[in-house]
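Please walk through this structure with the model open beside the text. The account begins in a loop and then moves to the sheets and the ligand sites.

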Amino acid sequence: MALLGSGCRDEPGMTGRGAAKKRYVDPLRPAPYCAAFAKSTGTPMTDTRAPALIPENPAFLNAKVLWVRHWNEHLFSFAVERPASFRFRSGEFVMIGLPGDKKPLMRAYSIASPHYAEELEFLSIKVQDGPLTSRLQLIEPGDELYMGKKPTGTLVLDALLPGKRLFMLSTGTGLAPFLSLMRDPDVYNAYDRVVVAHSVRRVSDLAYHDEMEARLAEDPLVADEAGAQFHYVPTVTREAFRNGKRLGAMIEDASLFTGIDGAAALDPETDRVMLCGSTEMIRDFAKSLEEQGFVEGSNANPGSFVIERAFVG
Ligand SMILES: Cc1cc2nc3c(=O)[nH]c(=O)nc-3n(C[C@H](O)[C@H](O)[C@H](O)COP(=O)(O)OP(=O)(O)OC[C@H]3O[C@@H](n4cnc5c(N)ncnc54)[C@H](O)[C@@H]3O)c2cc1C
Ligand SMILES: NC(=O)c1ccc[n+]([C@@H]2O[C@H](COP(=O)([O-])OP(=O)(O)OC[C@H]3O[C@@H](n4cnc5c(N)ncnc54)[C@H](OP(=O)(O)O)[C@@H]3O)[C@@H](O)[C@H]2O)c1
């Protein structure tokens with residue numbers, strides 16, 4: 001495990017545990033946000049209120065928030081303590097929520113941590129008038145959330161047939177399940193090449209860019225494998241960036257395959273594809289993949305591609 005400093009540690013706005021001491025942390029765990037950043041984005045400062053504890057509910061687990069990082073005004077990450085009883089497969093999602101008027105207000109969230117992690121990390125949108133995220137974006141370390149007891153999902157190794165290259169194609173918060181899978185050693189055992197492509201509107205939407213650009217070099221478990229097998233393909237479609245094409249266009253002109261061993265096109269015999277993102281992206285890609293001979297997989301019937309919407313709407 002890597003021993004990292006917590007970043008922004010001298011700032012009063014630090015939102016993680018133990019501002020003054022070092023501790024073992026997940027290398028993809030972002031540094032807590034700085035006071036200056038919190039101020040500039042209007043994010044409420046920390047250490048100013050008591051933790052928000054919630055009543056127990058037999059249907060859910062109570063999970064304590066460990067840290068929060070705001071990427072921009074639309075996006076943040078947070079982690080909760082992993083309840084001892086909680087098991088999941090890398091790539092699955094779980095219900096997360098807060099107390100509601102009559103019953104808890106719950107939404108599906110992909111777990112961004114790999115299955116062995118001690119903390120459960122999430123990457124979240126901030127929908128300003130969203131019933132859950134208008135409130136969830138205000139969480140602070142020490143607060144409690146509700147968490148479902150039964151994770152599930154199709155973006156798992158079990159739903160794919162064996163292959164040589166794994167392409168994980170995401171838009172927006174659809175990156176979340178791939179953050180889990182890219183840190184799972186089983187993924188590197190199963191595939192020779194592990195590709196994560198992330199399409200976003202703005203440069204600041206490229207969450208975890210630096211860690212992926214460095215090929216997970218700080219990861220205690222997969223750094224060696226990722227150094228040889230992992231490929232990160234970011235694209236920013238509404239701001240200047242070195243790459244500005246949509247993922248479909250990058251497959252068509254073969255630029256998505258630059259530097260990756262094998263053919264400069266998808267092959268249903270040897271390539272496996274996971275899709276997570278907007279409904280339109282998934283619909284367009286699923287249609288195109290099926291036309292090329294790919295078959296959608298499920299937990300019961302593994303196939304050559306799998307899909308999960310990153311949100312409904
Ligand atoms: C299987 C599954 C996994 C999911 N995993 C995640 C995840 O890891 N991270 C995450 O942030 N959300 C995820 N979502 C979406 C999440 O369940 C909620 O919709 C989101 O938290 C917003 O909740 P809300 O109550 O504030 O607004 P909602 O009423 O749920 O949504 C309002 C509107 O906001 C937009 N919206 C909602 N979620 C997103 C999003 N993620 N990206 C872009 N636009 C969105 C849509 O237009 C939607 O109609 C997932 C959804 C599904 C079905
Ligand atoms: N992210 C922001 O800065 C921002 C700002 C204001 C509001 N919002 C709200 O957040 C919601 C979601 O925004 P988001 O940025 O997370 O997701 P998004 O609108 O789905 O865009 C994310 C990425 O997916 C691409 N994309 C969209 N449809 C695609 C398709 N069919 N095939 C291939 N690529 C596709 C987009 O390219 P294109 O850019 O070419 O569409 C963009 O690069 C929006 O509906 C909006 O209400 C977001």
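## From a loop to the ligand sites

L216 sits in the loop that links α5 and α6. The model is a predicted one, and the backbone of L216 should be read with that in mind: its phi is near 55 degrees, a positive value in a residue other than glycine. Most residues other than glycine have a negative phi. Is L216 buried or exposed? L216 counts as buried, because 24 C-beta neighbours lie inside 10 Å, and the threshold for burial is 20 or more.

R215 belongs to the loop between α5 (209-213) and α6 (223-229). R215 has a positive phi too, of about 55 degrees, although it is not a glycine. The surroundings of R215 hold 19 other C-beta atoms within 10 Å, so R215 is partly exposed.

A217 is also placed in the loop between α5 and α6. A217 has 14 C-beta neighbours inside 10 Å and therefore counts as partly exposed. Leaving aside residues up to four places away in sequence, A217 touches A223 and G227. A217 and G227 are 10 residues apart along the chain, and their C-alpha atoms are separated by 6.7 Å.

The wider fold can now be set around this loop. The protein has 8 helices and 13 strands. It comprises 313 residues, of which buried residues make up 46%. Among contacts between residues at least 6 apart in sequence, 70% join residues at least 24 apart.

In what order do the strands of the 5-stranded open sheet lie? The order is β11-β10-β9-β12-β13, and the pairing is parallel. β11 (230-236) and β13 stand at the edges with a single partner strand each, so one side of each is left without a neighbour in the sheet. On average, neighbouring strands of this sheet are turned by 10 degrees against each other, direction ignored. Within the sheet, 7 bridges join β10 and β11 in the parallel sense. At one position of this pairing, V200 stands opposite V236 in β11. Helix α8 packs on the sheet, where it touches β9 (165-171), β12 (271-277) and β13. The direction of α8 makes about 160 degrees with that of β12.

Another set of pairings involves β3. Strand β3 (residues 61-72) is joined by 6 bridges to strand β4 (residues 75-81), and the two run antiparallel. β3 and β4 form a hairpin, with 2 residues between them. H70 stands opposite F76 in β4. β3 also pairs with strand β8 (residues 144-147), in the antiparallel sense and over 4 bridges. In that pairing, K64 has E144 in β8 as its bridge partner.

The ligand sites come next. Where does ligand 1 lie with respect to domain 1 and domain 2? Ligand 1 lies between them, because domain 1 (3-147) and domain 2 (157-309) both give residues to the shell around it. This shell has 24 residues, and the closest are G130, L132, T133, F311 and G313. At least two residues of the shell come from each of β6 (105-110), β7 (119-125), α2 (133-136) and β13 (305-309). β13, already met at an edge of the parallel sheet, is thus also a contributor to the surroundings of ligand 1. By class, the shell around ligand 1 divides into 13 nonpolar, 8 polar and 3 charged residues.

Around ligand 2 there are 17 residues, and T171, G172, T237, S278 and E280 come nearest. Which elements supply at least two residues each to this shell? They are β10 (193-200), α7 (247-252) and α8 (279-291). The largest share, 3 residues, comes from α8, the helix that packs on the parallel sheet. β10, which pairs with β11 in that sheet, is another of the elements that supply the shell around ligand 2. The residues of this shell divide into 3 nonpolar, 7 polar and 7 charged.

How values were computed: Residues are numbered from 1 along each chain as its sequence is written. Chains are lettered from A and ligands numbered from 1 in the order in which they are written. This is a predicted model: local features need pLDDT of at least 70, side-chain atom pairs count only at pLDDT 80 or more; totals for chains, interfaces and linings use all residues. A residue is near a molecule or strand if its C-beta atom, placed from the backbone, lies within 6 Å of it. Ala, Val, Leu, Ile, Met, Phe, Trp, Tyr, Cys and Pro count as nonpolar, Asp, Glu, Lys and Arg as charged, and the others, Gly among them, as polar. Two strands pair if DSSP finds at least two bridges between them. Domain bounds come from an automatic or database domain assignment. A residue is buried if 20 or more other C-beta atoms lie within 10 Å of its own, exposed if 12 or fewer, and partly exposed in between; C-beta atoms are placed from the backbone. Axes are lines fitted to C-alpha atoms, for helices over the stretch in contact, and angles run from 0 to 180 degrees between N-to-C directions. Two residues are in contact if their C-beta atoms, placed from the backbone, lie within 7 Å.
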